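Please open the structure in a viewer and keep the selection tool at hand. The tour below proceeds stop by stop, naming what to select and what is found there.

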Amino acid sequence: MQVILHCGAHSTEEDRLLKTLLRNVDRFGDEGVAVPGPSQYRNLLKDGMARLLEQPGTPISAAALWDQILDGRAAERVILSNPHFFGSQRRALDGHMLYPEAEARVRALQALFPADQLELHIAIRDPGGFVPGLLENAGPDRINTIATEISPQCLRWSDLFERLRQAAPEVAITTWCYEDMPILWGRILRSMAGLEDGARISGGMDLLASIMSSEGMRRLRQYLAQYDELSEAHRQRIFVAFLDKYALEDELVEEVDMPGWTEEMLEQATEMYDQDVARISQMDGVTLLSL
């Protein structure tokens, strides 16, 4: 069975993506794709992974896990979503690296489902916005500590992917940039479900609608209704054109307020992030969904 593990990352619309996946349960089910509710597996897998991390080799029945997760339903592909698969939000930057527990946790997931084909799906984000997103609910002491100890220019998503590829080379990775998600939203959903480009889904423009005026969305829907079939690339070009004209500017501006972080630091971080994305696009075993 194909097991799609949506691993966040944190502060990349992970909850909204899960909700949209759940809106398509029946549609995906017709294609043999199951989207269990998170209450059916999150604590179950958390406990199983904890046992394996503490005592590797602990016998755990994959069949029993699937019985509880799928509740007797048949599926060829299962989507499991949890931004904490790689560790908690608080531990995401331990050791001045992104998700230092990721390799051990992926190996634990492989041990839980040894007969299944695991794939990772994860969003990445400019560290200048990712770090403040992680700290959104943190106290001032922790924010000051992280701002002092970690420089956004030094965080590399490609390092995380290199570690994962070395630890679990059998596990393919699909990734995309958080900054592109409003345009890529439908493509991300189809990729996770294993559907062909252009396949009908519900909520394929949900994120776009959150940053575009209602008038713009109305005109966009009218425009798209004129065409029965559009390639994914053509659809994305249309989205970009309408967004250029009808974007809600306040929703596009991201204000970063971290003690000691300057505009120059953030600009450098963005430059390094762009270079990092280019590197990721060339990595074996990694698929980058891009505009």
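Begin by selecting Arg279, which is partly exposed because its relative accessibility is 38%. The model in view is a predicted one. Arg279 belongs to helix α14 (residues 263-280). Now add Asp159 to the selection: the two side chains meet in a salt bridge, at 3.6 Å from N to O. Asp159 sits in helix α8 (residues 157-167), so this contact ties together parts that are 120 residues apart in sequence. Asp159, with a relative accessible area of 36%, is likewise partly exposed.

**The negative patch**

Remain on helix α14 and select Asp274, whose place is in that helix. Its relative accessibility of 45% makes Asp274 partly exposed. Extend the selection to Glu179, Glu263, Glu264, Glu267 and Glu271; together with Asp274 these residues form a negative surface patch.

**Further salt bridges**

How many salt bridges does a search of the whole structure find? The search returns 12. As general background, side chains of opposite charge can pair when their charged atoms come close.

Select Glu101 and Arg91 next. Their side chains meet in a salt bridge with an N to O distance of 3.0 Å. Both residues lie in the loop between β3 (77-81) and α5 (102-112), so the pair ties together parts that are 10 residues apart in sequence. Arg91 is partly exposed, at 40% relative accessibility. Add Asp94 and Arg105 to see the wider arrangement: Arg91, Asp94, Glu101 and Arg105 are linked in a network of salt bridges.

Then move to Arg27 and Glu31. These two form a salt bridge in which the closest N and O atoms are 3.1 Å apart. Arg27 counts as partly exposed at 25% relative accessibility, and Glu31 also counts as partly exposed, at 42%.

**The sheet**

Switch to a cartoon view and display the strands. In what order do the strands of the open sheet run? The sheet has 6 strands in the order β2-β3-β1-β4-β5-β6, and the pairing is parallel. At the edges stand β2 (33-34) and β6 (286-289); each has a single partner strand, so one side of each is left without a neighbour in the sheet.

Within the sheet, select strand β1 (residues 2-6) and strand β4 (residues 117-124), which pair in the parallel sense over 5 bridges. For a point of reference along this pairing, pick Val3, which stands opposite Leu118 in β4.

**Backbone geometry**

The last stops concern backbone torsions. Most residues other than glycine have a negative phi, and most peptide bonds are trans. Select Gly8 and Ala9: a cis peptide bond joins them, with omega at about 0 degrees. Ala9 is placed in the loop between β1 and α1 (14-23).

Next, select Asp71, in the loop between α4 (62-70) and β3. Although Asp71 is not a glycine, its phi is positive, at about 55 degrees. Is Asp71 buried or exposed? Asp71 is exposed, because its relative accessible area is 60% and the cut-off for exposed is over 50%.

Finish at His96, in the loop between β3 and α5. His96 is not a glycine either, and its phi is positive at about 60 degrees. With a relative accessible area of 47%, His96 is partly exposed.

Key: Residues are numbered from 1 along each chain as its sequence is written. This is a predicted model: local features need pLDDT of at least 70, side-chain atom pairs count only at pLDDT 80 or more; totals for chains, interfaces and linings use all residues. Side-chain values use heavy atoms; hydrogens and water are left out. A salt bridge is a side-chain nitrogen of Lys or Arg within 4 Å of a carboxyl oxygen of Asp or Glu. Buried means under 20% relative accessible area, exposed over 50%, partly exposed in between (1.4 Å probe, protein chains only). Helices (H or I, at least four residues) and strands (E, at least two) are DSSP runs, numbered from the N terminus. Two strands pair if DSSP finds at least two bridges between them. Patches are made of residues with over 30% relative accessible area and no salt bridge: like charges are joined within 9 Å, nonpolar side chains (Val, Leu, Ile, Met, Phe, Trp, Tyr) within 5 Å. Accessible areas come from the Shrake-Rupley method with a 1.4 Å probe; for residues, only the protein chains shown count as cover. Lys and Arg count as positive and Asp and Glu as negative; His and the chain ends are not counted. The place of a charge is taken as NZ of Lys, CZ of Arg, CG of Asp or CD of Glu.
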